[in-house]
Amino acid sequence: MPGADLSSFDATTVPEASMTTHKPQNEAEAACVIADAAARRIPLSILGSGTKRALGRFTQTQDVLSSAALAGITLHEPAELVIAARAGTPLAEVERKLGEARQQLPFEPMDYRALLGTSGEPTIGGVAATNLSGPRRIKSGACRDSFLGARFVNGRGEVVKSGGRVMKNVTGLDLTRLMAGAFGTLGFLTEVTFKVVPSPETQATLVLEGLSDRRAVAALSAGLGSPFEVSGAAHLPAGIGAAGARTLLRLEGFESAVGYRTKALAEALRDFSAARVLDAQESEALWREVRDVTFLVSPRDTAIWRISVAPSKAPALIDTLGAELSARWFLDWGGGLIWLACGAEGDAGALPVHEAARLEEGHALLVRAPDAVRAAVDVFQPQPEPIMKLTRAVKQSLDPAAVLEPGRIYAGV
Amino acid sequence: MSEIAFPAPDRKILARRDEIIAGLRRVLPEGGVIEKLDERRAFETDALTAYRQVPLAVVLPRSTEEVSAVMAYLHAQGVPVTPRGAGTSLSGGAIPQEDSVVVCVAKMSRVLEVDFANRVARVEAGVTNLAISAAVAHEGFFYAPDPSSQLACSIGGNIGMNSGGAHCLKYGVTTNNLLGVRLVLVDGTIIDLGGAALDAPGYDLLALVCGAEGQLGIVTEATVRILRSAEGARPVLFGFPSSEAAGAAVAAIIGDGIIPVAMEFMDAPAIRICEDFAHAGYPLDVEAMLIIEVEGSEAEMEAELGKIIAIAERHGVTVIKESKSAMETALIWKGRKSAFGATGRVADYICMDGTVPTGQLPHVLRRTSEIVASHGLRVANVFHAGDGNMHPLILYNVNDPQEQRKAEEAGADILKLCVEAGGCLTGEHGVGIEKRDLMGCQFSKADLDQQMRVRQAFDPAWLLNPAKVFPLDARS
């Protein structure tokens, strides 16, 4: 629950005694807190329950604004494929409600708690604010793709709504998706609305064994370029969760379709390797580990990077970084998402990782590192100055007094 | 002329026309600037033909660098810019103003790179929507968003309006299929947002640009996702004795966990108009028809259709007709996709684009008929039922100013109805000038002020497509 979670947050930031935590009971109260903070120019840390507090640049503020008390599902229309909830609603509650109607969030949000060593219940607002997307991103889009509407309080203390509850909506600027992944720096989310999809009747996973990273990406690419609607495409090199390398392709849907597609896909990928099939239960368990980066949780003193590139560029990038940083890694998103663990000493590899990502036209996020490192190095990929200029201007347009989570993504933003 | 106002043109700019054209000629090669009145007229409107304004000049750049040079020059001169792709906007998004220069990207029409391994294509902004699919079809791939104007409309315009189409129920709209853009900012600065990776660092500026109707910059290149086509696809026609029955069947199909790739609705007037045009074999003795398309292997399509047919039967379906050949499939879609053109043969029309929660469809359809009838006009409904994106076509005579006024009033009432029902003013056509003055129905002053402040972060002087989206009297 929020209380327990805040205490773990306290320990990593400022002493509890000097900190004020605001837990507004409603949107109007939240607006007052922010208006007051803006008037006094007192920055606020923005959080739900704080399970992803250790993500992003290390910042320190006196005051905290939590959405924990803004809880409750406000709309669920199964036949319209839509759910809305106040930002502080636990993700688990949203998933439970959807499960009752045999539905789910399309984007398979990951759970960062094990990786970041946090506790508490992740909130739906936190999912939106961090654009939290899992393995199914390759088929069903990211969190932002299902994010239909939001209510938020801007840095002036004004309540703003954007988007709505319908899937097709091009009325005005898309401030909803702008909020996704902004880590609260542009607005304090109070209510979020998502598109949902029917839960698949079943799933199965093809496992190809013993492929090199390069061959594995080629196999995943062939699978994703097939008509069989692969919904998960990952590669676990030797030593990641098992002795030998495993390349995984997941199929989801109606029982009959999954049965047919599993055979057809195995046949299409025969030249890469013979395939073993995991049943629904094994498949679900393994993809949960992929989703939550379970393989890299230990040892806890390593730094974790999340690198996003075009899939075909992943092998070269790993060749460069793997040796230089003595890293361990695995690939999701058909190779387009590299999870990499390396030593946390010095800059935790920030210079070479960002440089390698830049050369391959991708980007890297330092997901786990000691506070001191996160305070000192670029956590998010540095961007060219014209984009930084726009970034600052957008921030200024929503939060002119710079009170919402300043510095969480970039210094001065 | 119309009731939708344009900002008063800046007399000083009009007076400097010769000088501005000379300046444009200095930064563009021969043939890049259009200045003769009869040639400029070709750019005076788009598919919202009731409104027209002849622009100061038109430029036809052939590269990002040329767009950049034009923008830098016009920015320094303080001249407004109207971005334009193929000019197929139904909301007036590409209609210029007298003191603006149209920057038309139609000549930038190359497919730059197709990358099957990474399932992306990089194209110039003037490439047509259908040309992207055509460029990747030999490997069995396609580009998913499919607006009805896909033969003509440009990807640059699709990005400007965040266009949708019939198959968005499964595959999403433009913003869900767009990974990156090269964008020329108002001062000529060239930036790249996103790329071939599935996400980008920092703020999601790409999401802002998509659907911004050309107010944040000029898109010159796009990186889009391409998808592998299903093994097979088959549309099936379902005829119902009432619109309510058809609407209830749609809700029941989705409620049963089935997401067909498309679910299109037509009412009796629309069926007749489209059948007369396309001879697609649509049933004429029904009040409403759904075109439901399923995808997959033969066995998968059979299985899914079986479930859909069972649901349709529970809702009183009277006609079920499956496509038996590729030709029939093409005809069925031709009928649907030519709905606007076919309607244009029988009457002038304005096309609304509101979206409503699907549960509200029967109510909104009934009220739509009542509203249009109360203005003494007729309506045909053809729309994307699975996602509640409605397209009432209000029929009127464009040469009768009174009828035009009535049609516009009826349209405004319908859009207000959509907002009241929990939906929005526009699902895929954009606000443009057409719905600009209705924005206050959907958004509060604080909502609009915030959107305008974000807009100003990109274009502080309001030079980019300035007459669009935001009510003129709401601007500070």
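This is a short tour of a predicted model, taking chain A and then chain B.

**Stop 1: chain A as a whole.** Select chain A and switch to cartoon. You'll be looking at 15 helices and 18 strands. The radius of gyration is 21 Å, close to the 22 Å that the globule rule gives for 413 residues, so chain A is as compact as a globular protein of that length. Turn the chain along its principal axes and the C-alpha trace spans about 65 × 55 × 40 Å.

**Stop 2: the domains of chain A.** Now colour by domain. Select 18–199 together with 383–413 for domain 1 of chain A; that one comes in two segments. Then pick 202–291 for domain 2 and 295–376 for domain 3. Keep domains 2 and 3 of chain A on screen: their centres, over C-alpha atoms, are 24 Å apart. Where they touch, domain 2 of chain A puts in 18 residues and domain 3 of chain A puts in 16.

**Stop 3: inside and outside chain A.** Bring back the full chain and colour by accessibility. How much of chain A is buried? Of its 413 residues, 64% are. Turn on contacts next, keeping those with a separation of 6 or more: in chain A, 73% of them link residues 24 or more positions apart. Then show the surface, where chain A exposes about 14100 Å², with carbon and sulfur atoms supplying 52% of that. Finally, colour the charges: there are 43 positive and 46 negative ones in chain A, and the mean positions of the two sets are 4 Å apart.

**Stop 4: chain B as a whole.** Hide chain A and select chain B. Its cartoon shows 18 helices and 18 strands. How does the radius of gyration of chain B sit against that of a compact globule? For 476 residues such a globule would come out near 23 Å, and chain B has 22 Å, which agrees. Draw a box along the principal axes and the C-alpha atoms of chain B fill roughly 70 × 55 × 40 Å.

**Stop 5: inside and outside chain B.** Colour by accessibility again: 63% of the 476 residues of chain B count as buried. With contacts on, and again a separation of 6 or more, 71% of those in chain B are between residues 24 or more positions apart. The accessible surface of chain B is about 16100 Å², and 52% of it belongs to carbon and sulfur atoms. Last selection: the charged side chains of chain B, 43 positive and 60 negative. The centres of those two sets lie 4 Å apart.

Key: Residues are numbered from 1 along each chain as its sequence is written. Chains are lettered from A and ligands numbered from 1 in the order in which they are written. This is a predicted model: local features need pLDDT of at least 70, side-chain atom pairs count only at pLDDT 80 or more; totals for chains, interfaces and linings use all residues. Side-chain values use heavy atoms; hydrogens and water are left out. Helices (H or I, at least four residues) and strands (E, at least two) are DSSP runs, numbered from the N terminus. The radius of gyration is taken over C-alpha atoms; the globule rule is 2.2 Å times the number of residues to the power 0.38. Buried means under 20% relative accessible area, exposed over 50%, partly exposed in between (1.4 Å probe, protein chains only). Contact means heavy atoms within 4.5 Å. Accessible areas come from the Shrake-Rupley method with a 1.4 Å probe; for residues, only the protein chains shown count as cover. Lys and Arg count as positive and Asp and Glu as negative; His and the chain ends are not counted. The place of a charge is taken as NZ of Lys, CZ of Arg, CG of Asp or CD of Glu. Domain bounds come from an automatic or database domain assignment.
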